[in-house]
Amino acid sequence: GETWAKTKAKVKKEVQQLAEELLQLYAARQALPGHSMRLDEDGDQLYGEFEATFPFQETIDQARAIEDVLTDLESDKPMDRLVCGDVGYGKTEVAMRAAMKAVLAKKQVAVLAPTTVLVEQHLSTFTERMKDQPVLIASLSRFRTRAEQTQILSALSQGKVDIVIGTHRLLSTDVRWKDLGLLIIDEEQRFGVAHKERLKKLRTQIDTLTLTATPIPRTLQMAIGGMRDLSLITTPPADRRAVRTIVTRHDDQVIREAVQRELSRGGQLFYVYNRVEGLYEKAQRLQALVPTAR
């Protein structure tokens, strides 16, 4: 009908507009000069000391991703790199190395995370990892009181804070930077359209690093198409087993074996069911299958 035709035309127009905006943004990033973050002798020494305090051995892919990012930061063109890897494969360390390099090059760093809990987690990780370095770290989220936020925003505009970790609060119009050099986005797919529009305005000349375990199709397409650079971390850490995904028909015997195997190693399980209706019957059925499970 007519409504369907109008809806299709509207969506088509919006898609075309979005594609044009993206092309303009990437053309501007290619044409405009970025800031090369080459360090002096003192900066190199401090970075080397920071690197040496990493308590684990880098995996091959992690080392390659770090090298890619550092090379991008030293280039005169603005970085736009996607680092893709499973949870626990070391993406945060890649981000922390990049942040340290930017701070030593006298630039400020914004770390954008989708939830307040993740902001606090990153704050704890960054603070612990950089405790022996001359770096000032703050966070902006609803966990901060209005007075604390005002204080952080003031320090940020004066250049007294080096790294700010925050939710979409970082994208508010009252956030002013003295010299923002690096934007790190954790799990881009969790941000809405309005947030991404604000990000585009930020990203023209600053270096951008996106971390994700599950890239959105558009981001992945742009990486594969060469509009963005891509680093993959596929090697699990030494004490980590690769994730196994098995798709099979429903079979009580398979479920019983899987549950018992996990319980025998002292683990826990999630059983995800897609209907609230029938949830209790499903729980009773599972309890009958594995009576020893709590």
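Let's start with a network: E51, E58, E93, R97 and R129 are linked to one another through salt bridges. Please keep in mind that this is a predicted model. Across the structure there are 16 salt bridges, and I'd like to walk you through a few of them. As a quick reminder, side chains of opposite charge can pair when their charged atoms come close.

Take E120 and R144, whose side chains form a salt bridge at 3.6 Å, N to O. This pair links distant parts of the chain, with the two positions 24 residues apart in numbering. E120 sits in helix α5, residues 116–129, while R144 is found in the loop between β3 (137–140) and α6 (146–157). How accessible is E120? Its relative accessible area is 24%, so E120 is partly exposed.

Next, have a look at D252 and R285. Their side chains meet in a salt bridge too, here at 2.4 Å, N to O. D252 belongs to helix α9 (residues 252–264) and R285 to helix α10 (residues 279–289), so this salt bridge ties together parts that lie 33 residues apart in sequence. On accessibility, D252 comes out at 24%, which makes it partly exposed. R285 has a relative accessibility of 44%, and R285 also counts as partly exposed.

Here is one last pair for you to find on the screen. Which residue does the side chain of D174 meet in a salt bridge? The partner is R169, at 3.0 Å, N to O. D174 has a relative accessible area of 36%, so D174 is partly exposed.

That's my tour, and thanks for listening!

Terms used:
Residues numbered from 1 in each chain as written. Predicted model: local features only at pLDDT ≥ 70, side-chain atom pairs only at ≥ 80, totals over all residues. Heavy atoms only, no water. Salt bridge = Lys/Arg side-chain N within 4 Å of Asp/Glu carboxyl O. Helix = DSSP H or I, 4+ residues; strand = E, 2+ residues; numbered from the N terminus. Buried < 20%, exposed > 50% of the residue type's maximum accessible area, 1.4 Å probe, protein only.
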